[in-house]
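Subject: Structure handover

Hello,

I am passing this structure on to you, as agreed. Please look at it first, then read my notes underneath.

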Amino acid sequence: MNFEEELGIDPERLAADADRLFSLLGRPPGEAATARAESRDGWVSVEYSCAAGVLDLRLDPRAMRLDSGRLAGTILDLIQQARERAEAEERARTEALLGGNALLADRRLVAEHLRAATGALQENLERAAATIDRVRALLRP
C-alpha cells in the first residue's frame with residue numbers, strides 16, 4: 001500500500017519528524033525560561049523559573065510596613081505574573097523549535113486519514129474472515 005497516495009501522508013517524513021520531536025523532548029535546548037515581576041512601587045520583586053519555580057524574592061525594608069495580608073497578596077500576585085511570563089516564553093521557544101514538524105502540523109489530517117483507513121481495514125478484515133469461513137465450510141466433508 002502506498003500510504004502517500006492512499007492517505008495523503010508520507011510515513012517516512014512523519015517517522016523522521018517523530019524521531020526529531022522525541023529527541024528534542026528528551027534534551028531541551030538551553031536553560032529553562034525565567035521571568036521577573038515587580039510591584040509598582042518596586043518594594044517587592046520575584047524571579048520565577050519554569051524548571052525550578054521561585055528563584056528569588058526580594059523585599060525592600062519599606063515593604064515590611066505593609067500589613068501582612070497585603071504583603072502576602074502582593075507576593076502571590078507577583079509570583080503568578082512571573083510564572084505566566086516564564087511559561088509564555090517557554091511556549092514560544094518550544095513552538096519556534098518545533099515549527100515545521102509535520103507530526104505536529106499535520107496531526108489532524110493524519111488522524112482523519114488513519115480513522116478512515118482503519119474503517120476500511122476493518123471492513124476488509126471482516127470480508128476476509130467471512131471468506132475464510134466459507135472456504136472452511138467447503139473443505140469440510
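What follows is a description of the chain as a whole, then of its sheet, then of a few single residues.

Overview

Please keep in mind that this is a predicted model. The average pLDDT of the chain is 78, and 65% of the residues reach a score of at least 70. Confidence is highest in strand β2, residues 44-49, with a mean of 95. At the other end is helix α4, residues 102-105, where confidence is lowest, at a mean of 56. Where pLDDT is low, the coordinates should not be read in detail.

The chain has 141 residues, of which 21% count as buried. Its secondary structure consists of 5 helices and 3 strands. Read from the N terminus, the order of the elements is α-α-β-β-β-α-α-α. The exposed area of the chain is about 10400 Å², with 54% of it supplied by carbon and sulfur atoms. Among contacts with a separation of 6 or more, 55% are between residues 24 or more positions apart.

The sheet

How are the strands arranged? The 3 strands make up an open sheet, ordered β1-β2-β3, with antiparallel pairing. At its edges are β1 (34-38) and β3 (53-59), each of which pairs on one side only. On average, neighbouring strands of the sheet are turned by 15° against each other, direction ignored.

The pairing of β1 with β2 is antiparallel and runs over 5 bridges. These two strands form a hairpin with 5 residues between them. In that turn, G42 has a positive phi of about 80°. Within the β1-β2 pairing, T34 stands opposite S49 of β2, and E38 has S45 of β2 as its bridge partner.

On the other side, β2 pairs with β3, again in the antiparallel sense, over 6 bridges. β2 and β3 also form a hairpin, with 3 residues between them. Here S45 is bridged to R58 of β3, while Y48 has V54 of β3 as its partner.

Is β2 enclosed or open? It is largely enclosed by the rest of the structure, because 5 of its 6 residues are buried. In β1, the covered face is made up of A35 and A37. The uncovered face of β1 holds T34, R36 and E38.

Single residues

Three residues may help you find your way around this region.

S49 is located in strand β2. Is S49 buried or exposed? Its relative accessible area is 5%, so S49 is buried, the cut-off being under 20%. A polar atom of the S49 side chain lies 3.3 Å from the backbone nitrogen of A52. Leaving out residues up to four places away in sequence, S49 touches A32, A33, T34 and L55. One of these, T34, is also the residue that stands opposite S49 in the sheet.

E47 belongs to strand β2 too. Its relative accessibility is 29%, and because partly exposed covers values between 20% and 50%, E47 falls in that class. Which residues does E47 contact, apart from its neighbours within four places in sequence? They are T34, A35 and R36, together with G53, V54, L55 and D56. T34, A35 and R36 are also named among the faces of β1, where A35 is on the covered face and T34 and R36 are on the uncovered one. The C-alpha atom of E47 is also 8.8 Å from that of L78, a residue 31 positions away along the chain.

G42 sits in the loop between β1 and β2. With a relative accessibility of 32%, G42 counts as partly exposed. Its C-alpha atom is separated by 7.9 Å from that of D60, although the two residues are 18 apart along the chain.

To recap, the sheet has the strand order β1-β2-β3, with β1 and β3 at the edges. Strand β2 is largely enclosed, and β2 also has the highest confidence in the chain. For helix α4, please bear the mean of 56 in mind.

Regards

Conventions:
Residues are numbered from 1 along each chain as its sequence is written. Side-chain values use heavy atoms; hydrogens and water are left out. pLDDT is the predictor's confidence in each residue, from 0 to 100. Helices (H or I, at least four residues) and strands (E, at least two) are DSSP runs, numbered from the N terminus. Two strands pair if DSSP finds at least two bridges between them. Axes are lines fitted to C-alpha atoms, for helices over the stretch in contact, and angles run from 0 to 180 degrees between N-to-C directions. Buried means under 20% relative accessible area, exposed over 50%, partly exposed in between (1.4 Å probe, protein chains only). Contact means heavy atoms within 4.5 Å. Accessible areas come from the Shrake-Rupley method with a 1.4 Å probe; for residues, only the protein chains shown count as cover. A polar contact is a pair of N or O atoms within 3.5 Å; within protein, one must be able to donate a hydrogen and the other to accept it, and residues adjacent in sequence count only if both atoms are side-chain atoms.
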